[in-house]
Amino acid sequence: MLLLDEPFGALDAKVRKELRRWLRRLHDTVHVTSVFVTHDQDEAMEVADRIVVMNEGRIEQQGAPDEVYDHPASPFVLQFLGDVNLFRGRLGHAPGGVAPDDVSYVRPHELDLVAEPDERSFGARLSQVLTLGPLTRLEFQRDDGNYIDVELPRARWLQLRDTLQLAPGGHAHLRPRRVTRFIVGGEAAVEHDPAAMI
């Protein structure tokens with residue numbers, strides 16, 4: 001058994017990526033069992049056959065990387081395995097518009113910009129555009145003051161920017177493709193349910 005406690009922690013990003021590939025190939029060739037401790041979610045998803053997410057010494061969830069990412073057992077797991085936008089209350093389905101027992105999460109890459117509002121979309125004002133190589137991260141601000149991150153392939157952003165004539169300060173409509181909702185005090189997450197939030 002190979003025990004690795006954050007072995008790539010002090011290395012730069014390029015070297016870390018090369019070593020992750022090397023370790024993955026080593027496992028595929030030698031079939032050695034390894035316990036790999038890391039706080040780097042990308043590292044865990046790339047190297048592991050099975051992930052165990054721990055919180056304060058307690059196992060929150062374990063399973064294959066895709067299973068844990070796609071079906072998180074708790075808000076902690078969902079937030080640990082990548083960026084999320086958090087919405088308190090279920091909008092549009094309760095008297096006064098908010099059911100405060102619900103917490104909904106949408107990952108930045110699971111939001112679309114749409115030209116026309118519909119029953120599943122909501123408005124926000126574009127506050128910042130950041131280019132991260134092939135990706136563009138857009139920061140929007142809702143009327144309630146909360147910020148929402150959206151990630152798009154750069155080519156898609158350039159197309160939408162021109163089509164929607166969108167620039168910082170401009171208003172846009174966002175529509176989630178997938179919503180994960182946790183009911184406060186409840187156990188189950190409701191997924192692939194955009195209508196649950198909007």
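**View 1. His31 in the loop between α1 and β2 of the predicted model.** His31 counts as exposed because its relative accessible area is 63%, over the 50% cut-off. The residue sits in the loop that links α1 to β2. Its phi is positive, about 60°, although His31 is not a glycine.

**View 2. Gln165 in the loop between α5 and β11.** Gln165 is a residue other than glycine with a positive phi, near 50°. The loop that holds Gln165 runs between α5 and β11. With a relative accessible area of 70%, Gln165 is exposed.

**View 3. Glu46 and its contacts.** Glu46 belongs to helix α2. Leaving aside residues up to four places away in sequence, Glu46 touches Lys17, Arg20, Arg21 and Arg24. For Lys17, the separation from Glu46 is 29 residues in sequence, and the C-alpha to C-alpha distance is 9.4 Å. Glu46 has a relative accessible area of 31% and is therefore classed as partly exposed, a class that lies between the 20% and 50% limits.

**View 4. The hairpin of β3 and β4.** Strands β3 (51-55) and β4 (residues 58-63) pair in the antiparallel sense, with 5 bridges between them. Across this pairing, Met54 stands opposite Ile59 in β4. The hairpin has 2 residues between its strands. One residue in the turn, Glu56, has a positive phi of about 55°.

**View 5. The largest pocket.** The volume of this pocket is about 720 Å³. Its lining consists of 24 residues, and those nearest the centre are Phe36, Val37, Arg50, Ile51 and Val52. At least two lining residues come from each of α1 (13-30), β2 (34-37), α2 (41-47) and β3 (51-55). By residue class, the lining holds 12 nonpolar, 7 polar and 5 charged residues.

**View 6. The second largest pocket.** This pocket encloses about 180 Å³ of space. Tyr69, Gly82, Asp83, Arg107, Pro108, His109, Arg137 and Glu151 form the lining. Of these residues, 2 are nonpolar, 2 polar and 4 charged.

**View 7. The open sheet of 5 strands.** The strand order is β7-β11-β8-β9-β10, and the pairing is antiparallel. β7 (111-114) and β10 (147-153) are the edge strands, each paired on one side only. On average, neighbouring strands of the sheet are turned by 50° against each other, direction ignored. Helix α5 (residues 154-164) packs on this sheet and touches β7, β8, β9 (135-141) and β10. The direction of α5 makes about 110° with that of β10.

**View 8. The pairing of β8 with β11.** Strands β8 (residues 122-132) and β11 (residues 171-176) run antiparallel and are joined by 4 bridges. Phe122 has Leu174 in β11 as its bridge partner.

**View 9. The protein chain as a whole.** Its secondary structure comprises 5 helices and 13 strands. The chain has 198 residues, of which 36% count as buried. Among contacts between residues at least 6 apart in sequence, 52% join residues at least 24 apart.

Notes
Residues numbered from 1 in each chain as written. Predicted model: local features only at pLDDT ≥ 70, side-chain atom pairs only at ≥ 80, totals over all residues. Heavy atoms only, no water. 1 Å grid on protein atoms, 1.4 Å probe; cavity = no way out; pocket = protein on both sides within 12 Å on 5 of 7 lines; lining within 4 Å. Points joined across faces, edges and corners; volume = space filled by probe spheres on them. Nonpolar A, V, L, I, M, F, W, Y, C, P; charged D, E, K, R; others polar. Pairing = 2+ DSSP bridges. Axes fitted to C-alpha atoms, helices over the stretch in contact; angles between N-to-C directions. Contact = heavy atoms within 4.5 Å. Buried < 20%, exposed > 50% of the residue type's maximum accessible area, 1.4 Å probe, protein only.
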